[in-house]
Number of protein chains: 2
Amino acid sequence: MLKLSYTPFALQFKHPFGLAYGTRTTTEVVFVRIECDGFVGYGEAALPPYLGETQTSVVEFLYKANTILKKYALPFLLEEIITAIDATAPNNNAAKACIDIALHDLLGKYVNKSVYSILNLEKPQPQNTSVTISIGDLNLIPEKLLELNDYHVLKIKLGNKNDRQIIECIRMHTDKPLVVDVNQGWTDKHVALEMIQWLHTQNVLFVEQPLPKDNYNDMVWLKERSPIATIADESMQRFSDMNEISDCFHGINLKLMKCTGLYEAVKIINYAKEKGLKINIGCMSESSCGIAAAAQLMQHADWIDLDGPLLVKNNPFGGINFTEGKLQLSNSTGTGATLADKNLEFIAL
Amino acid sequence: MLKLSYTPFALQFKHPFGLAYGTRTTTEVVFVRIECDGFVGYGEAALPPYLGETQTSVVEFLYKANTILKKYALPFLLEEIITAIDATAPNNNAAKACIDIALHDLLGKYVNKSVYSILNLEKPQPQNTSVTISIGDLNLIPEKLLELNDYHVLKIKLGNKNDRQIIECIRMHTDKPLVVDVNQGWTDKHVALEMIQWLHTQNVLFVEQPLPKDNYNDMVWLKERSPIATIADESMQRFSDMNEISDCFHGINLKLMKCTGLYEAVKIINYAKEKGLKINIGCMSESSCGIAAAAQLMQHADWIDLDGPLLVKNNPFGGINFTEGKLQLSNSTGTGATLADKNLEFIAL
């Protein structure tokens with residue numbers, strides 16, 4: 001029988017950051033564990049506060065999912081199990097993802113294969129990941145750049161009044177390629193195009209979600225004119241969104257926590273390739289558990305932005321490393337994630 | 001890589017039988033073999049002459065299927081592989097079935113599990129199978145009954161002028177339960193109902209395909225009135241037929257060679273259970289290779305009619321037996337089929 005257990009956990013940020021309502025020092029996740037015949041798979045639900053899922057909602061969903069899981073003696077029918085769990089309730093994408101990840105990890109462990117080989121994906125090679133450089137006091141940028149010295153691509157969040165000033169400040173200190181996440185911050189398509197045209201002169205690889213997520217017509221307009229790839233983030237959650245957004249963007253930001261996990265991620269990748277869409281594989285603030293799962297896909301991505309574990313100081317999982325700025329798997333069974341914190345206690349359902 | 005090879009084969013009947021156009025002594029099949037990392041799965045396409053597939057058409061289809069198979073290094077993504085192969089050409093149901101069976105057998109061998117456990121099905125227990133008693137000269141019936149002494153359910157083909165006479169003759173010698181296959185032989189629904197009502201007094205368990213396969217309205221009429229289960233055979237091939245026939249029959253005759261194999265058979269079983277339809281698992285003239293695959297499902301059937309290997313004298317596969325009239329698997333890895341004829345030469349694609 002597939003035996004599910006879970007543990008709510010708070011990941012602590014290395015660098016707490018200020019927000020309008022206070023300082024964020026932690027972010028919530030739920031780790032799950034699925035056991036079968038002595039083999040164990042791990043999964044993670046990362047829960048950024050603005051997406052609506054909480055540790056409580058995840059645990060509630062796990063009870064629903066468990067009614068499906070306990071019907072299965074073996075972990076082979078991933079499609080059937082994942083499809084049935086998806087149908088138990090709408091939304092709950094991160095909760096669905098943690099089960100999907102744990103099931104894939106479990107199957108890999110059970111048959112002593114990597115998830116990427118089971119899924120017939122290319123073997124992940126060490127790959128440069130972008131890392132977010134948080135912009136606060138511009139005077140601190142040289143110090144932050146020094147800390148990120150090993151990394152070859154920097155991610156900058158824009159969408160405020162001083163966008164040009166930020167880029168110009170960074171460009172005084174480094175000519176590393178940048179990726180830009182606007183988080184829906186530019187509301188006028190003409191302003192957006194002008195900014196993108198300027199960013200094009202600044203070695204920017206892509207611009208993520210430049211306009212509000214439902215402005216489909218403006219995004220089509222912008223896609224036709226933008227000299228840099230425009231990438232859907234908030235506009236695209238699951239496979240079912242792909243048809244609508246494929247004319248609006250040059251590519252997608254694929255995150256396991258948005259798309260319910262690896263099973264659907266592979267479908268999205270295949271669809272994106274058919275449509276000629278670029279793929280960035282992204283993440284939330286999450287541990288090496290979720291990142292190891294995402295890394296299974298990375299050979300099929302144009303860019304990866306899997307810096308989650310770099311931002312936290314109490315990562316309870318190992319199995320990946322970031323040598324010389326490149327994400328790589330150090331383990332090739334299951335997702336590769338290994339439980340490092342042996343004191344983590346899982347609560348059985 | 002999944003390596004496909006095949007061998008066309010003629011199964012020889014123990015009892016050649018006369019037809020309008022001559023005597024049939026053999027029936028054609030194609031055996032396939034899929035190898036991966038030293039593990040081997042076997043499948044079978046049984047090709048009754050009236051269904052349109054031939055050894056040539058199967059081999060042609062195998063070339064198409066191989067373009068899919070060779071993209072995969074491991075046998076885990078059965079759904080994806082089988083769906084892609086199904087899409088390469090319409091029809092070719094037996095050709096599709098032999099690949100489906102070999103893939104399931106291979107996966108079982110690869111992970112050292114039975115196919116029924118991988119598919120989360122109940123463990124097959126020894127179960128009475130019906131066996132066909134061929135009706136020619138009525139005087140020979142006592143002798144034929146003696147030969148089938150071990151078997152507890154007899155299958156009789158009706159649909160001719162002397163239907164009552166045949167049943168009465170059998171009933172003079174045995175009171176074993178019967179199943180009746182009309183093969184679309186009764187064209188008038190009133191005559192069919194009258195016959196069924198009489199058969200109901202003769203310990204008949206079900207009546208298969210009493211009316212022509214497209215007479216849906218008459219079948220609905222008959223279903224409402226029949227005191228015995230009416231079972232769809234020619235009216236039902238694949239999962240996509242299930243919706244249409246579910247109001248027309250009390251149950252279905254599920255054959256791997258009709259429904260393209262185990263992957264779709266499980267879907268059909270789940271649908272049939274939801275709709276309250278009875279399930280008979282049937283077969284063509286086929287070896288223990290195909291029957292072992294069908295036997296994986298038998299715990300989910302109301303009746304089984306898996307007598308194929310009993311009718312042939314050069315069965316190249318082992319792995320099942322018919323002790324005291326009950327079909328049972330003697331091996332629980334993969335489908336359980338084992339290659340007994342080591343001289344069988346497979347041709348690589």
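**Group meeting: domains, a helix and a sheet in a two-chain model**

On one side of helix H6 of chain A, Gln165(A) and Glu168(A) are exposed, where exposed means that 12 or fewer other C-beta atoms, placed from the backbone, lie within 10 Å of the residue's own, buried means 20 or more, and partly exposed lies in between. This is a predicted model, in which local features need pLDDT of at least 70 and side-chain atom pairs count only at pLDDT 80 or more, while totals for chains, interfaces and linings use all residues. Residues are numbered from 1 along each chain as its sequence is written, and chains are lettered from A and ligands numbered from 1 in the order in which they are written.

Back to H6(A), residues 163-171: which residues are buried there? They are Asp163(A), Ile167(A) and Ile170(A). These buried residues sit on the same side of H6(A) because they cover an arc of only 60 degrees around the axis, the arc being that of the directions from the helix axis to the C-beta atoms. Their cover includes helix H5 (141-147), strand E6 (153-157) and helix H7 (189-200) of chain A. Helices (H or I, at least four residues) and strands (E, at least two) are DSSP runs, numbered from the N terminus.

Next, the domains. Chain A is assigned domain 1 (3-113 + 342-348) and domain 2 (127-339); such bounds come from an automatic or database domain assignment. The C-alpha centres of these two domains of chain A are 23 Å apart. Between them, 34 residues of domain 1 of chain A are in contact with 26 residues of domain 2 of chain A, contact meaning that the C-beta atoms, placed from the backbone, lie within 7 Å. On the domain 1 side, H3(A) gives the largest share, ten residues. By class, that side has 15 nonpolar, nine polar and ten charged residues. Ala, Val, Leu, Ile, Met, Phe, Trp, Tyr, Cys and Pro count as nonpolar, Asp, Glu, Lys and Arg as charged, and the others, Gly among them, as polar.

Now the two chains. Twelve residues of chain B are in contact with twelve residues of chain A. The chain B side divides into eight nonpolar, two polar and two charged residues.

Last, a sheet in chain B. Three strands form an open antiparallel sheet in the order E4-E15-E14 (chain B); strands pair if DSSP finds at least two bridges between them. Which are the edge strands? E4 (127-128) and E14 (320-321) of chain B, each pairing on one side only. E14(B) and E15(B), residues 326-329, pair over two bridges. Ile320(B) has Leu329(B) in E15(B) as its bridge partner.

Definitions and conventions. Contact = placed C-beta atoms within 7 Å.
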